[in-house]
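Please take a moment to look over the sequence and the structure below, and then read on with both of them in view. The paragraphs that follow lead through one part of the fold step by step.

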Amino acid sequence: MPTDEQFLSEWIGRQERQSDVFTSVPLNALAATLDREDPAYTSQGEVPPLWHWLYFLPLARQSAVGPDGHPLRGGFLPPITLPRRMWAGGRLRFLGPLTVGAEVERTSTIMNVAHKAGRSGNLVFVTLQHELAIEGQVRVREEQDIVYRDAPNPGEPPARPQVAPTGAQWTRELFPDPVLLFRYSALTFNGHRIHYDRPYATEEEGYAGLVVHGPLIATLLMNLLREERSTATVTAFSFRALRPIFDQRPMRVCGREDEPGRVHLWAEDADGFLCMDAWAELA
């Protein structure tokens with residue numbers, strides 16, 4: 001059974017290793033997608049924080065893609081059959097620069113798999129650790145929280161939203177449209193249909209529109225920080241996804257430096273509800 005504790009525990013400790021060359025084209029494409037005026041990335045320089053998500057992409061063959069657009073369940077991750085899955089949060093330590101043109105090795109470890117029965121049904125939490133190294137030196141250590149869950153029951157009331165914080169020092173209003181979501185899906189080879197297939201997102205998974213990618217929201221928060229504190233070095237970043245943001249409505253990314261070297265960042269929707277909560281540490 002996909003929620004059996006003994007069955008799930010068999011995946012804890014599993015590892016896989018991959019290597020990728022951090023070429024410049026994805027970096028220039030993401031800079032264009034974020035409407036940044038960066039000098040062109042070439043074979044030199046550093047990869048901005050969080051932009052390593054452009055690499056180590058899930059290159060499943062078309063015959064190995066499921067009906068939701070994700071690769072079929074199984075393989076390295078446990079074959080959990082719950083229909084909805086999301087990247088719910090993560091924690092990163094930036095221990096050294098990732099350089100453009102470098103060959104990077106990623107060691108991935110399943111740290112924990114746990115089943116819980118919540119108010120809305122079954123939940124399975126998978127915690128992954130990724131270590132990115134250049135010539136044996138770990139440059140980024142990352143933990144990702146992946147959640148699998150039941151589909152919502154018809155008529156089930158939504159979870160009570162949380163009002164976003166006030167007192168932001170920096171705010172940017174954005175309008176995520178289908179083109180932005182498509183471009184980010186293409187850059188990350190993310191086939192999940194909730195980000196570009198409106199009938200699937202609304203009729204099959206019950207969302208109010210196309211869903212803005214959690215990693216894209218986190219990247220937009222980091223982009224705000226880079227604009228406001230361009231000379232600072234980010235040493236750590238953590239985020240939690242609390243509520244989806246949908247296309248065709250404005251959203252805001254906000255931040256404030258609560259104390260020297262520690263920045264609170266958050267994303268809110270058009271109704272002022274908190275959708276992602278994040279913290280960054282600066283050197």
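In which kind of crossing, left-handed or right-handed, does H2 pass H3? The model considered here is a predicted one, and in this model H2 passes H3 in a left-handed crossing. The axes of these two helices, H2 and H3, come within 10 Å and cross at roughly 165°. Angles over 145 degrees count as roughly antiparallel, and H2 and H3 are therefore roughly antiparallel to each other.

The residues that bring the two helices together can be named on each side, for Pro26, Ala29, Leu30, Ala32 and Thr33 of H2 meet Leu180, Arg183, Tyr184 and Leu187 of H3. Sorted by class, this contact of H2 with H3 is made up of seven nonpolar residues, one polar residue and one charged residue.

It helps to consider each helix in turn, beginning with H3, which covers residues 178-187 and whose buried residues are Leu180, Leu181, Tyr184, Ser185 and Leu187. When the helix is seen down its axis, the buried residues of H3 fall within an arc of 165°, so they line one face of the helix. An α-helix has 3.6 residues a turn, so residues three or four places apart point the same way. The buried residues of H3 pack against helix H2 (25-33) and also against helix H5 (214-228), whereas the face of H3 turned away from its buried side carries the exposed residues Val179 and Phe182. Just after H3, phenylalanine 189 takes a positive phi of about 50°.

One residue of H3 deserves a separate look, namely leucine 181, which lies in this helix. Leucine 181 has a relative accessible area of 0%, and since buried means under 20%, leucine 181 is buried. If its neighbours within four places in sequence are left aside, leucine 181 is in contact with Pro176, His195, Leu210, Val211, Val212, His213 and Asp247. Proline 161 is 20 residues from leucine 181 along the chain, and the C-alpha atoms of these two residues are separated by 24 Å.

The other partner, H2, can be read in a similar way, and in H2 the residues Pro26, Leu27, Leu30, Ala31 and Thr33 are buried. Seen down the axis of H2, these buried residues fall within an arc of 160°, so they line one face of the helix. The buried residues of H2 pack against H3, and just after H2, aspartate 35 takes a positive phi of about 60°.

Note on methods: Residues are numbered from 1 along each chain as its sequence is written. This is a predicted model: local features need pLDDT of at least 70, side-chain atom pairs count only at pLDDT 80 or more; totals for chains, interfaces and linings use all residues. Side-chain values use heavy atoms; hydrogens and water are left out. Buried means under 20% relative accessible area, exposed over 50%, partly exposed in between (1.4 Å probe, protein chains only). Helices (H or I, at least four residues) and strands (E, at least two) are DSSP runs, numbered from the N terminus. The arc is that of the directions from the helix axis to the C-beta atoms. Contact means heavy atoms within 4.5 Å. Axes are lines fitted to C-alpha atoms, for helices over the stretch in contact, and angles run from 0 to 180 degrees between N-to-C directions. Angles under 35 degrees count as roughly parallel, over 145 as roughly antiparallel, 65 to 115 as roughly perpendicular and the rest as oblique. A crossing is left-handed if the near helix is turned anticlockwise from the far one by less than a right angle, and right-handed if clockwise. Ala, Val, Leu, Ile, Met, Phe, Trp, Tyr, Cys and Pro count as nonpolar, Asp, Glu, Lys and Arg as charged, and the others, Gly among them, as polar.
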